[in-house]
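Me: Got a model I'd like to talk through with you. Can we take it step by step?

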Number of protein chains: 2
Amino acid sequence: MKAVILLSGGLDSSTVLYQAQADGWESYAISFDYQQRHRRELESAKAIAHSAGINQHQIVSFDLTLWGGSALTDRKIDYPRDRTLDRMSETIPITYVPARNTIFLSFALAWAETLNAQRIYIGVNALDYSGYPDCRPDYIQAMQEVFRLGTKQGIEGNPISIVAPLINLKKTEIIKLGNKLGVPWEKTWSCYAGGEIACGLCDSCRLRLAAFEELGLKDPLSYAQNTNT
Amino acid sequence: MKAVILLSGGLDSSTVLYQAQADGWESYAISFDYQQRHRRELESAKAIAHSAGINQHQIVSFDLTLWGGSALTDRKIDYPRDRTLDRMSETIPITYVPARNTIFLSFALAWAETLNAQRIYIGVNALDYSGYPDCRPDYIQAMQEVFRLGTKQGIEGNPISIVAPLINLKKTEIIKLGNKLGVPWEKTWSCYAGGEIACGLCDSCRLRLAAFEELGLKDPLSYAQNTNT
């Protein structure tokens, strides 16, 4: 039984990949080079895919800087730094990339149907950093309907299911789960800044560092600055 | 008021582009180079975009031959030739590309949200050649829900609408509409075969030629073979 796993190389999607393997699925990971500021994450995606020993890893390339619209796809828009966790979840952040998960899930769906896979795993999370509209349960449910109605497998009564095992977990709970599954955190990548060392100041670094700290654990990744310790 | 129009360069999407212009929208056309067998259609998309005098035309590139799964994206799978119209609609054809419209609509959504557009026009059609699951009204409705729930504009109560003006039209009715709108048919492209002249034998050519014939009109495009005349 085959599953396609969306793998950014970050903490959440790496945990989901290990979860899919633990659930006994033949795993096919898919990553996206969309000319994101933090393309460095793709090196981590490859390392994690290799560590997990999956069946196949596809990297799909396209260019979302064609129209930008986000701090992650338009170099002229700066990303937020050094914000408290409260501030992060006030509004939809400028790091929101329009329709990103819809694009990602569409490609995953295309590959899954070609593989005759049963499941797509995605590491969306609605609790921490919940400002992204395409990380919430009702959005995932709407995509599930698209999967059911818009594919041959769906029409034939065998729709591909979306599984979002982290959707109701806090970041600390994800770390606990990943520890149980043996995810090699030092190989993952969360930083938005675009450097070769994680910055420690962007929302993504801050959220990750705060969660490790709350658990009394040390994040094994190196940071340029770590205001949490 | 801005609208994004999915433009393949074919008869249907060209008619839709002209319709969007007639409806008074500032038009932004989007086309896709997915390494399709019939990439020749992109030349037609450019010509139609130019003829219609639209605001901007984006061509987004990615590679669906990475996994294939269709006669249009896997050169080892042959496409059907010389089929009657009855045969074409019996089952989901091998020219079905898994999740294609979902991918296309996702990119259109991303661009539309960046432009702060109100509408996305798509030339899907559920009557003729209705074997494609992602051309039916309930699929379009499911995508509309995704647009509403998965974007900033949607969350803020201003979701982008999907408009599918051809969904319940027969091919002959589309041609009549296009004639009224002044679509230059000789610049469009429907053929799946991948040559520089339309083959006249693939399902797409047959359907188009049959419709012109039924109307007592001549298709101004040149064909290598035309079994209808």
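Me: By what turn can chain A be laid on chain B, and with what RMSD?
Reply: Bear in mind that this is a predicted model. Laying chain A on chain B takes no shift to speak of, with 0.0 Å along the axis. The two copies are thus related as by a two-fold rotation axis. The turn is 180 degrees, and the RMSD is 0.0 Å.

Me: Which C-alpha of chain A is nearest the axis?
Reply: The axis here is the one that relates the two copies as by a two-fold rotation. In chain A, the nearest C-alpha sits 2.7 Å from that axis, and it belongs to Phe62(A).

Me: What percentage of the contact residues of chain A recur in chain B?
Reply: Both copies use the same surface. The share of chain A contact residues that recur in chain B is 100%.

Me: What is the strand order of the open sheet in chain A?
Reply: Five strands make up this open sheet, and the pairing is parallel. β3 (56-61) and β5 (161-163) of chain A each pair on one side only, as edge strands. Reading across, the order is β3-β2-β1-β4-β5.

Me: Which residue is the bridge partner of Tyr28(A) in β3(A)?
Reply: Strand β2 (residues 26-33) of chain A runs parallel to β3(A), with six bridges joining them. For Tyr28(A), the partner in β3(A) is Gln56(A).

Me: At about what angle does helix α1 of chain A run to β1(A)?
Reply: Helix α1 (residues 11-22) lies across β1 (2-6), β2 and β4 (119-121) of chain A. Its angle to β1(A) is about 170 degrees.

Definitions and conventions
Residues are numbered from 1 along each chain as its sequence is written. Chains are lettered from A and ligands numbered from 1 in the order in which they are written. This is a predicted model: local features need pLDDT of at least 70, side-chain atom pairs count only at pLDDT 80 or more; totals for chains, interfaces and linings use all residues. Copies are superposed by least squares on the C-alpha atoms of residues with pLDDT of at least 70 in both. Two residues are in contact if their C-beta atoms, placed from the backbone, lie within 7 Å. Two strands pair if DSSP finds at least two bridges between them. Helices (H or I, at least four residues) and strands (E, at least two) are DSSP runs, numbered from the N terminus. Axes are lines fitted to C-alpha atoms, for helices over the stretch in contact, and angles run from 0 to 180 degrees between N-to-C directions.
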